[in-house]
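Work through the following exercises with the sequence and the model open side by side. Each task is followed by a solution that proceeds step by step.

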Amino acid sequence: MTSTVGFIGLGNMGGPMAINLVKAGHRVLGFDLSEAAMSAHADAGGEKATGVAQMAAEADVIVTMLPAGKHVRQIYMGEGGILENAKPGTLLIDSSTIDVDSARAVIAAASDKGMPMVDAPVSGGVAGAAGGTLTFMVGGADEAFEAARPYLDVMGKTIVHAGGAGNGQAAKICNNMILGISMIAVSEAFVLAERLGLDAQKLFDISSTASGQCWSLTSYCPVPGPLPSSPANRDYQPGFAAEMMLKDLKLAQEAASSSGAATPLGAEAASLYSLFCNSGGQGQDFSGIVKFLRGTS
Ligand code: NAD
């Protein structure tokens with residue numbers, strides 16, 4: 001079944017995601033504030049929408065991939081936006097990484113207009129977007145999830161229904177809070193080992209099979225040597241940039257504050273990543289925090 005899909009936000013992630021929908025045979029009406037992004041979309045077989053209103057009126061399905069919650073609120077709920085112009089029954093998928101409160105507010109407003117909607121943030125980065133191998137963490141009603149699945153399958157490999165509205169965003173920030181904290185913990189251990197004269201490879205061999213093991217150590221080791229595939233061996237070229245980690249840690253802190261959860265290590269991780277980014281690390285891989293902790297960034 002092919003559909004008319006509206007796609008707003010044709011950036012680093014949204015551009016290639018929209019192209020995968022084109023390749024699957026859908027008519028994809030793309031819209032972005034950047035003329036260059038619109039032209040790249042048209043060159044790859046998509047169509048340029050003249051604006052949000054025209055796109056929303058014609059689309060059966062709308063996907064958004066925007067920078068932050070304020071953009072998503074504006075595009076959906078603002079004057080001339082999606083909810084004002086789309087037909088009732090239009091399926092809405094927001095794949096941006098945004099705050100849980102905004103995701104829930106927009107989904108509730110869509111539901112009032114009779115439009116099923118899911119929040120479906122992703123992990124997998126630009127390579128996953130281009131290769132159609134993203135992981136989608138999806139929040140929303142069962143029927144909305146089932147309706148969205150065929151489109152998500154085109155853009156991703158792993159599609160997980162995390163529960164009701166906003167739970168996709170919740171899953172993403174909880175996971176990335178674990179990741180940020182554990183990367184700092186592993187990095188501190190390697191810095192301490194260096195000072196104590198313990199070889200990095202020895203620490204890796206021991207801890208990767210002992211109680212200190214975790215993904216940040218065994219799949220993404222922050223020092224060069226033990227794991228040839230990790231960004232540490234490429235001078236910390238991302239990978240997953242420190243500024244993206246900081247964005248997710250800040251979203252986790254906002255959610256902790258609005259829900260009353262105590263996340264002291266999450267707060268500390270956000271603060272350390274903020275310092276690392278401010279000292280020039282923003283474009284480096286997030287595992288580069290080891291250099292900051294060592295005092296060599
Ligand atoms: P990006 O800045 O490359 O793309 C965002 C696009 O949205 C831009 O092209 C911009 O012009 C467009 N845009 C902004 N406001 C608009 C508006 N009002 N109308 C139309 N277009 C508008 O960002 P990205 O890297 O593609 O990230 C998009 C989202 O995906 C973010 O929420 C990010 O956190 C998330 N994400 C990114 C990655 C990654 O590796 N880049 C990984 C996972 C999740």
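**Exercise 1.** In this predicted model, determine in which helix D248 is found, and whether D248 is buried or exposed.

*Solution.* Begin with the secondary structure, where D248 is found in helix α12. Next, take its relative accessible area, which is 4%; because buried means under 20%, D248 counts as buried. Then list its contacts: leaving aside residues up to four places away in sequence, D248 touches T97, K172, I173, N176 and F240. Finally, for one of these partners, I173, the C-alpha atom is separated from that of D248 by 5.8 Å, although the two residues are 75 residues apart along the chain.

**Exercise 2.** Describe how the axes of α12 and α13 cross, and name the residues that make the contact.

*Solution.* First, the axes of α12 (residues 242-259) and α13 (residues 264-281) come within 9 Å and cross at roughly 150°. Since angles over 145 degrees count as roughly antiparallel, α12 is roughly antiparallel to α13. The crossing of the two helices is, moreover, left-handed. On the α12 side the contact is made by A242, E243, M245, L246, L249 and Q253, and on the α13 side by G266, A267, A269, A270, Y273, S274, F276, C277 and G281. Sorted by class, the contact has 10 nonpolar, four polar and one charged residues.

**Exercise 3.** Establish which residues of α10 are buried, and what covers them.

*Solution.* In α10 (residues 200-207), the buried residues are L203, F204 and S207. Viewed down the helix axis, they fall within an arc of 100°, so they line one face of α10. The face turned away from this buried side carries the exposed residues K202 and I206. What covers the buried residues includes α9 (167-196) and α11 (215-218).

Note on methods
Residues numbered from 1 in each chain as written. Predicted model: local features only at pLDDT ≥ 70, side-chain atom pairs only at ≥ 80, totals over all residues. Heavy atoms only, no water. Axes fitted to C-alpha atoms, helices over the stretch in contact; angles between N-to-C directions. Helix = DSSP H or I, 4+ residues; strand = E, 2+ residues; numbered from the N terminus. Parallel < 35°, antiparallel > 145°, perpendicular 65-115°, else oblique. Left-handed = near helix turned anticlockwise from the far one by under 90°. Contact = heavy atoms within 4.5 Å. Nonpolar A, V, L, I, M, F, W, Y, C, P; charged D, E, K, R; others polar. Buried < 20%, exposed > 50% of the residue type's maximum accessible area, 1.4 Å probe, protein only. Arc of directions from axis to C-beta.
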